[in-house]
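I have my notebook open and the model on screen. These are my entries, in the order I looked things up.

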Amino acid sequence: MYPSFELSRLSQFCPSVPKTPPQHLSSKRRRGANCLSWLPILVFLICSPIPKDAFAQTPVRILQADERYKVDILLVVAHPDDEGAATPYLARAIDEGKRVAVAYGTRGSSGANEAGPEQATALGDIREIEARRANAVLGIDKVWFLGGKDTASQDVLQSLANWDHGMALENLVRIVRLTRPEVILTFLPGTFIGEDHGDHQASGVLATEAFDLAGDPTAFPEQVAAPLRRLEPYLESLRPWQTKKIYYFPDADKEEIFRDKGPKYSVKEISKSAKQAYWRIALESFRRHETQAKGFIDTLANMDEAQIEKMVTSDSFWSSGISFVLGKSLVGGSVTGDVFEGITPGPIPFARPEATPTPALPEVSIELAGPWSYYSDFRRAHGLMQLPHPEPPEIAQQAGGTFVIPLWLRNPTAESREFTLSVNLPAGWTLQMSSLKFLVGAKQMGTVRLEVNLPALGDPAPKNPEPQEISVRAESNGQTIGNVKIRVALRKKALPE
Ligand SMILES: [Zn+2]
């Protein structure tokens with residue numbers, strides 16, 4: 001049968017296919033030729049060649065990344081109300097036309113509720129709203145939560161475990177690629193005497209990892225893969241994004257080691273848009289956190305403006321201004337220069353972090369394990385060798401409690417080695433362990449936990465007693481192979497909530 005019916009159907013989809021068979025086809029048919037065998041080729045040739053007017057066609061517009069979600073600053077913190085560590089600066093930056101997004105590690109579902117009976121997950125539901133309202137005071141509406149859970153610990157490793165590290169990082173890399181920040185601001189990852197909340201540290205670790213990964217197309221590649229279907233349900237069609245700078249703010253009591261490591265901003269200057277001091281805008285924002293500070297908020301409600309100013313500006317946080325520590329800049333600029341110094345619009349190439357090689361270790365060695373060895377590896381891996389950290393290491397501990405010192409004993413030799421430890425403690429501090437001899441197999445590294453009973457503080461307790469030093473000396477084969485020191489400050493209350 002002559003395929004005139006098929007041709008007429010094809011012509012519905014391909015306007016250049018004639019609705020009637022061409023004359024030469026009819027003549028071939030008359031000669032008995034098998035036209036069906038080459039018909040597909042004919043259809044292809046008719047449909048495929050570039051039409052004469054192809055260059056006059058309007059190109060299909062390819063959608064660009066959603067500009068509504070582009071920001072200049074991404075703040076990465078742990079809990080609702082942590083944004084308060086940066087809100088006076090954020091108010092200034094927003095005044096200067098900068099766009100801001102905030103990512104929280106947790107929804108703050110633990111701790112006391114000063115505003116009502118709700119606790120646990122229900123409290124997290126409320127605090128998520130409070131955080132959004134606090135940000136809305138500054139005009140920030142891009143607020144995300146990474147899905148972590150509150151962790152009552154100073155140990156960043158416990159927080160990372162409790163946050164489901166991989167999931168939280170994946171979420172944060174996605175937020176970086178979506179918001180394409182020029183700068184990331186976050187808590188300083190490190191262990192210090194201070195509040196030193198493990199969750200705060202974890203937010204700084206994740207922000208650093210996301211800074212180094214979001215520009216790498218092989219990191220979470222499903223996020224940057226192109227869609228395969230019109231309603232793509234799996235691949236996200238984001239683009240890799242290399243943030244240009246990362247700054248930290250510490251969670252430590254003392255500021256000496258952070259001085260002049262980054263820019264500093266007054267909180268007392270007057271906002272051009274709001275016509276009030278930056279601290280005042282930040283305080284107005286903080287007042288949204290009723291479940292965390294209803295007592296304080298009620299006190300504010302009964303004070304006049306002069307009383308509020310006197311109270312707030314006599315606090316060191318407000319009177320000394322806001323300082324940041326420069327982590328990394330991929331666009332130059334000076335250490336103490338403005339956060340946006342050196343930044344120009346547009347993307348920059350992905351920059352893999354410049355890792356510092358691990359130093360050669362002696363034949364057998366001892367070192368602090370846990371967060372301390374992690375952070376020295378972390379600084380090397382992320383090109384952060386200049387990041388301030390106390391030497392010797394330090395930590396605040398609850399008086400009357402137990403302090404655990406985690407240690408690595410390394411034996412790279414071909415034979416088992418015996419390690420003998422001797423521990424030097426401050427007066428009144430005691431060790432829980434009976435034996436301090438350990439055998440580490442050939443080419444092995446072993447972990448040891450030294451548990452120290454801490455004394456109670458006297459009555460009345462001194463406000464902030466000076467830290468005291470614990471030293472651990474290790475011997476093997478009759479020779480001293482290392483000496484580990486850590487300074488411990490006793491506090492009435494040292495466990496973060
Ligand atoms: Zn916090």
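**Entry: helix α5.** I started by looking for what covers the buried residues of α5, and the cover includes β2, β3, α10 and α11 (290-301). This is a predicted model, so I am reading everything here as computed. The helix covers residues 120-137, which makes 18 residues. I compared its reach with expectation: from first C-alpha to last α5 extends 26 Å, close to the 26 Å expected at 1.5 Å a residue. Which of its residues are buried? I noted L123, G124, R127, E128, E130, A131, A134 and N135. A reminder to myself: an α-helix has 3.6 residues a turn, so residues three or four places apart point the same way. After the helix comes G139, with a positive phi near 85 degrees.

**Entry: the zinc ion.** Next I asked which protein atoms serve as donors of the zinc ion. I found ND1 of H79, OD of D82 (listed twice) and NE2 of H200, at 2.1 to 2.8 Å from the ion. The angles among the 4 donor atoms run from 51 to 125 degrees, and the site is irregular. That label follows because a tetrahedral site would need all angles between 85 and 135 degrees. Written along the sequence, the donor residues are spaced H-x2-D-x117-H. D82 sits in the loop between β1 (73-77) and α4 (87-95), while H200 belongs to helix α8 (residues 198-213), so this pair ties together parts that are 118 residues apart in sequence. I also checked whether these two are buried or exposed. D82 is buried at 7% relative accessibility, and H200 is buried at 4%.

**Entry: the nonpolar cores.** I then turned to the largest nonpolar core, which holds 39 residues. Y89, L90, L185 and F324 touch the most other members. At least two residues each come from β1, α4, β2 (100-106), β3 (142-148), β4 (183-187), β5 (245-249), α10 (278-286) and α12 (305-313). The largest share, 5 residues, is from α10. I picked L185 for a closer look and set aside its neighbours within four places in sequence. What remains in contact with L185 is I73, L74, L75, V76, Y89, L90, Y247, F249 and F324. There is also a second, separate core of 36 residues, with V76, L146, A202 and L387 among its members.

**Entry: strand β8.** How many of the residues of β8 (residues 325-329) are buried? I get 4 of the 5, so the strand is largely enclosed by the rest of the structure. β8 pairs with β5 in the antiparallel sense, over 4 bridges. In one of these pairings, Y247 has L326 of β8 as its bridge partner.

**Entry: backbone oddities.** Before closing I went through the backbone angles. Most residues other than glycine have a negative phi, and most peptide bonds are trans. I wrote down these exceptions:

- The peptide bond from E391 to P392 is cis, and its omega is near -5 degrees. I located P392 in the loop between α14 (370-381) and β10 (394-398).
- S237 has a positive phi near 60 degrees. S237 lies in the loop between α9 (221-224) and β5, and is partly exposed at 31% relative accessible area.
- K443 has a positive phi near 55 degrees. K443 lies in the loop between β14 (437-440) and β15 (444-453), and is exposed at 60%.

Conventions
Residues are numbered from 1 along each chain as its sequence is written. This is a predicted model: local features need pLDDT of at least 70, side-chain atom pairs count only at pLDDT 80 or more; totals for chains, interfaces and linings use all residues. Side-chain values use heavy atoms; hydrogens and water are left out. Donors are N, O and S atoms within 2.8 Å of the metal (3.2 Å for Na, K and Ca); water is not among the atoms, so sites may look incomplete. Four donors count as tetrahedral if all angles lie between 85 and 135 degrees; four count as square planar and six as octahedral if opposite donors are over 155 degrees apart and all others between 65 and 115; anything else is irregular. Buried means under 20% relative accessible area, exposed over 50%, partly exposed in between (1.4 Å probe, protein chains only). A nonpolar core is a set of buried Ala, Val, Leu, Ile, Met, Phe, Trp, Tyr and Cys residues joined through side-chain atoms within 4.5 Å. Contact means heavy atoms within 4.5 Å. The expected span of a helix is 1.5 Å times one less than its number of residues. Two strands pair if DSSP finds at least two bridges between them.
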